Amino acid sequence: MKTRLRKILPFLLVCAAFAIAILIGTFYFNFISRQIYEDSTRYLGEIYGQVNRAFGTFVERNWGLLDGWGEYLSVTGNGGTDSEVAEYLEGKRRFWGFSDFYFLSGDGDALTVEGEEETLDLGEETWAALLEKREPVMAGEKRANGQEITVFAAPAEPGAYEGFAYEAIAVSYTNADMASSLNVDAFAGKAKCFVIRTDGSVLLSTQSGGSVFENYLVYLKAASDLSDAVLEKIQKDWLDGASGTVQCRIGDVDHCVLYQPVGYQDFYLLSSVPQSAASAGFLSVQQITTNVLIVIFLLVGAAVIALLAMRSYAQSRKSRTELQYRERMFDVLSNNVDDIFIMLDAADQQVDYISPNLERLLGIPLEEARRDIRVMEKCAVNYNVVIPKAELEAIPLNENRLWECEYMHQNTGERRWYRMTVYHMELQGVRKYVIVLSDRTQERQMNQKLQDALTAARSANEAKSNFLSNMSHDIRTPMNAIVGFSTLLEKDADQPEKVREYTRKITASSHHLLSLINDVLDMSKIESGKTSLNVDRFSLPELLEKLNIILMPQAAAKNQTLTVHVQGAPPEQMIGDKLRLNQILINLLSNAVKYTPEGGKIDFTVSELPQTAPQYVKLRFTVRDNGIGMSEEFQKKVFAPFSREINSVTNKIQGTGLGMAITKNLVDLMGGIIQVQSKPGEGSVFTVEMSFVLPEQEETDAWYRQKVTRMLVADDEQEICLDIEELMRGSGVRLTCVTDGAAAVEAAVQAHRRGEDYHVILLDWKMPGMDGVEAARKIREQLQTDVPILVLTSYDWTEIETEARAAGINAFLAKPFFVSSFWHTLKPLFLKTAEQKVDAPVEARVMEGRLFLVAEDNELNAEILTEMLDMEGARCELAVNGREAVERFTSSAPGHFDMILMDVQMPVMNGYEATRAIRASAHPEAKTVPIVAMTANTFAEDVRNALDAGMDGHLAKPIDMNAVREPVGRLLRRKDGEA
Amino acid sequence: MRKRWADLLLALLAALLLTAGCGAKGGSGVSLTVMGKSSDLNKSYMRSIFALYEKTTGNKLEIRAFEDSEYEQKAAEAFQSGNAPDLFMHFHNADLSRFDVAENFLYLNGEDWVDDLTDSAKAYCTDGDGNLLGLPFWESSVSGCYYNKTILDSLGMKPATTQAEFDVLCQVLAETGYTPICWPGNGCAWMPQFGLDPIFADDPEMLEKINRNEITYGEIPAVTDMVRWIGNAAKAGWFGPDYRSCGWSDIGHALSSGDAVMTFIWDTWFYTDFKADGEYTVEDFALMPVFMNTAAEGSFEGGNLNMMMVNRNGDKVDAALEFLAFCATPENYNAAFDGISTVSCFKGQNTNIQSKMVTDARASVSEKERVSTAASRIVGYSGDDVVAALDRLFSGETDVEGCVRLMDESRIAAASAQGADGFPGA
């Protein structure tokens, strides 16, 4: 209460000061007005007293003159002539300014000096006073022409003029002339002055235009606010001959009406002056005084107001500053949080405040939102933030409502979730809606993640169950065969044919089981993200050649046509993971072979795609077959693990269902894409596109240095000829292409005759008519030349190799044609120093007589290995862990062991540690003894880890002696060489 | 004494005509053609006099009536094609100049009935050279300043006799709280012509000059004086607060309620349009001259009269003159105008109805009446154009001189459009 009082006290004091000032002012003005009225009335009385006296003087003068002229007439009338009288009176008229002079008879007739008779209607009383009482009189008269005149008459000695007997004489003035004598200029022409009779009738008026009043008392009664009592008093005054002043209002103007008896007969001088005109002089003083007071009052008031305003401004400024601080702090705060604050006016929903983070969070420009909050509708996903007015109004004062909203950022599309709380409150008497949009995005996302994780966990569990189910089935199937045939083997051990048959089937089931395990491990590795790429430089021709070697027999076994095409001129050298690429392509081609019926056709095409970056090459690998194809539904899940289409055909084909999943994952891993198009019964097309880094360019002027400038190519397929021509462009070698063997022979002979022998002859093996081998033979026969002749073939040439070499073929070249392969094949022929290596024979007994130290903790594996080595004619000593292997080696004599086959996962000391220990030992052969990992850890990093540990090679379990011979033989030869 | 002789002569003439007429019934009747506007010829008093003539004389009148809108054109074509009528009815206005008056019509100054015409009627039918062009046979009224006598009496005031008094009267009435003059500024085109009439009626030479485009309003000080007075009166509040929107239908209420004390109108208006829906009735009103600063003593406007003219080139001139004499016979015109509310055209007219207001002011009317001149005789004059110019003065869009200039522009444009001699494009 006290605080409130303190707040309004200054206001009350100011009001009180104003009230007192107004009271004083009112009192002052009333006092002044009264004084002014009294002074102006007195002033009017003095003015019109003078006017009255002037009028009286005028009347007296006229009567005096008439007396004088009457005497003259009485004197001259006895002896003077009328003309002399007329001349005399005309002189007086000119001098005194009256209008006319009259001779008046006793019966009221009048005669002018000019001798014209007139009738003057002066009234009976006037006539009686003049003629009977012999008194001078004054009267108003209206002439026949409407002109109003005032007549002054005086008795005279009876006489005659122009025969007219007169008893009195008179002069007349027009009222306009009379008025000019009464006019008062002191009131700016606003005063009216009348000579009236006591009944109010107007004798004359000072108004310049003439009098429009017949009776001014009637006018006052009708037009003024004078009461009957006042009017009666006025009339009484007039009858009593008293003077007086009244103030009245005529129309909307205050007038001062003043009346004084003229002093003759019952005439009164009445003046009516607007109060403003009468008091003009006083009013100007009053106005000045008032103005001074107003100025003082205003100055004081202004000073007080200024003082209050300054104080208020200071307070307001302080408040504003505080408000600005708070707003700034709030802005900073809101900019650093993801909650949005809005305040709306409850009356019209106009925005009073909106936190600046709106633009950051929802992408809505702040100014747009300030103009119309409904712009937020554009971001709303599931709820309209501008709640309908009815819903807002339904919120009771001092209560709130909650809504859950979802918004999308206008620019980024990012979704955010908010809990919107609307508070209905009253701030300084104004109702507001405060809307708080509390960010729940992280909470929502966390929930979503938890939900996703739960779903994933469920999926994983389900996948695990599926995986186990699949694995159980797929492992048990070959295992069943192995177990079953092993049992049969034992039973039929004495029947060699059956033993071989069972052994073959056990081997096949074992290989299938092995491939299944390899795929599962690959898949597991890929999916766990542990697969890494082994990126290195590789040769595309070599890769294709090996593919050809691997797959051609498979295709030939099913009497299928496998054709390899190279379109464009892809670079031969590139950088990438050759093994993974090989794996991808083998998977695709193996599947093509597998799912294409006998006699089918498989096309494998490598083509170069446009690539914007010069250091990269983008290749497309297309495997097209006319096999059984896939249903549209299966195409959708062909790359999913354990996916195999179930039909009468596929059921007969063995597979893990992991090959395409692995392929897809590898393609993804290498940054490529894989696509499939297929139709059941028509075949499938798998397309892989991926980029490889190009190595630094090498100098390619070898052809020139070897003086190879002419080459003969014979191939019945024109396209291949064109491909070779395209690929050799830029090498400086001029090609002659023919399409059959005979033409090749003819071309070679003709060139020889011209002395332009070809430097290289390249013949397709299978050509209609004369094949490549026959053609080579003919050329050698006819030309006796040592020109290198190569056979180009996509078939396995081993069966014709002997015959071909006998016919003069120097080397074989696998299709498709690659320049680098061609060169590498050709180069030894030019140098004549290279070994004739077409396909080096494998050393079948490379291990014979060798002693191996085998570190193997598994007895069964140790036994198998021992038996296998024995089959190869080798011996071994076993160590059951790494430590024992180290001890055996370090304690052995130099040259005792030819090689160490080291398991990796072993108790006590693993293979890596054992290898490091051996390499670190003081044994003379510590650094040179070949150590080969022999492990089920088959991934690339396992190989790398083995090499890093100091091993010389890596063999994957289960051991396949066919795969073991080559690396082991190489290492043994190296050891032998070093020794 | 002279008048009595004239009446006697007219009576004898009428008797002779009657005798002749009776004789004509025997079959030697004359057929006269009368051309006029359809609406004019259908006036009851016209039909009466035509019927009376035919009945009395046995002669025939062939009435050739044209629709109002095509009258001027058709009549002019008739005269041009030699198919002119014996008798032609037309107002004495600017349009009459199309008919080559001197060539086609007989001057009637010497006819016996001329002395029986009232001065104003005779003046209306007389051209600038004093030639009487036709017999006025029409209804008319007196236009002037009709004031509320009751209010003035109650205020102890009297009507003005001069412009100066009128100004004082207006000033005092305004001070007292009355609207002195009801000025219907909204489309009431007759108001300014009351002020213009004295200027041109009193100076026929000036009228001719302005109709030959030898002088403009702007060069006539009286016109500027009138416009200035109207403007000052409006500013002084003499027209009241709503004069610009006040129209024809508002005048009656303004006067009847006593809000306004005076207006410039004609007497028959009180009997045709004035509805006393307030305190005051027609009995409360009286007539004084119009004061618009163009005549110091004020003026009244005489009626616009339709007159019957005689085709001097016709073959029945004498019969036509006899017809006019028949119409100008007191018995006949009194029979025709019996009960018709109009100011008299003939001094012997006594069966028509005349308002008390006009009767009371008869002396002043006969002294100060001007022939209706502005609207009827000034070529290109349009009351609407003048009202439009005044409205722009009232609105402050133009000053007095500008207003006069606008009046001139619209008048000259209209005269040019009419092809009047001396105007651009003629």
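The exercises below work through parts of a predicted model with chains A and B.

**Exercise 1. Composition of the chains**

Task: State how many helices and strands chain A has, and what share of its residues is buried. Then do the same for chain B.

Solution:
- Step 1. Chain A contains 28 helices and 33 strands.
- Step 2. Of the 979 residues in chain A, 31% are buried.
- Step 3. Chain B contains 20 helices and 11 strands.
- Step 4. Of the 426 residues in chain B, 47% are buried.
- Step 5. Take the contacts in chain A between residues at least 6 apart in sequence: 61% of them join residues at least 24 apart. In chain B, residues 24 or more positions apart account for 76% of the contacts with a separation of 6 or more.

**Exercise 2. Where the chains touch**

Task: Find how many residues each chain brings to the contact, and which helix of chain B gives the most.

Solution:
- Step 1. Chain A contributes 18 residues and chain B contributes 17 residues.
- Step 2. On the side of chain B that touches chain A, helix α8 (residues 163-176) gives the most, with eight residues.
- Step 3. Sorted by class, this side of chain B has seven nonpolar, six polar and four charged residues.

**Exercise 3. A sheet in chain A**

Task: Give the strand order of the open sheet of six strands in chain A, and name its edge strands.

Solution:
- Step 1. The order is β3-β2-β1-β6-β5-β4, and the pairing is antiparallel.
- Step 2. β3 (117-119) and β4 (137-142) of chain A are the edge strands, since each pairs on one side only.
- Step 3. From one strand to the next, the twist averages 40°.
- Step 4. For one pair in detail, look at β1 (residues 100-104) and β2 (residues 109-112) of chain A, which run antiparallel and are joined by three bridges. L104(A) has A110(A) in β2(A) as its bridge partner.
- Step 5. Helix α3 (residues 124-132) of chain A packs on the sheet, where it touches β4, β5 (148-161) and β6 (164-174) of chain A. The direction of α3 makes about 140° with that of β4(A).

**Exercise 4. Checking the length of a helix**

Task: Test whether the distance between the end C-alpha atoms of helix α24 (residues 859-871) of chain A agrees with the expected span.

Solution:
- Step 1. The helix has 13 residues, and the rule is 1.5 Å a residue. The rule is applied to one less than the number of residues.
- Step 2. The expected span is therefore 18 Å.
- Step 3. The end C-alpha atoms of α24(A) are 18 Å apart, so the two values agree.
- Step 4. Just after α24(A), G873(A) takes a positive phi of about 85°.

**Exercise 5. The setting of C876(A)**

Task: Decide whether C876(A) is buried or exposed, and describe the strands around it.

Solution:
- Step 1. C876(A) belongs to strand β30 (residues 875-879) of chain A.
- Step 2. The cut-off for a buried residue is 20 or more other C-beta atoms within 10 Å. C876(A) has 22, so C876(A) is buried.
- Step 3. Strand β29 (residues 851-855) of chain A runs parallel to β30(A), and five bridges join them. Opposite C876(A) stands F852(A).
- Step 4. Leaving aside neighbours within four places in sequence, the contacts of C876(A) are L851(A), F852(A), V854(A), T866(A) and L869(A).
- Step 5. I900(A) is 24 residues from C876(A) along the chain, and their C-alpha atoms are separated by 9.3 Å.
- Step 6. Together, β29(A), α24(A) and β30(A) make a right-handed β-α-β unit.

Definitions and conventions:
Residues are numbered from 1 along each chain as its sequence is written. Chains are lettered from A and ligands numbered from 1 in the order in which they are written. This is a predicted model: local features need pLDDT of at least 70, side-chain atom pairs count only at pLDDT 80 or more; totals for chains, interfaces and linings use all residues. Helices (H or I, at least four residues) and strands (E, at least two) are DSSP runs, numbered from the N terminus. A residue is buried if 20 or more other C-beta atoms lie within 10 Å of its own, exposed if 12 or fewer, and partly exposed in between; C-beta atoms are placed from the backbone. Two residues are in contact if their C-beta atoms, placed from the backbone, lie within 7 Å. Ala, Val, Leu, Ile, Met, Phe, Trp, Tyr, Cys and Pro count as nonpolar, Asp, Glu, Lys and Arg as charged, and the others, Gly among them, as polar. Two strands pair if DSSP finds at least two bridges between them. A crossover is right-handed if, with the strands pointing away from the viewer, the path from the first strand over the helix to the second runs clockwise. Axes are lines fitted to C-alpha atoms, for helices over the stretch in contact, and angles run from 0 to 180 degrees between N-to-C directions.
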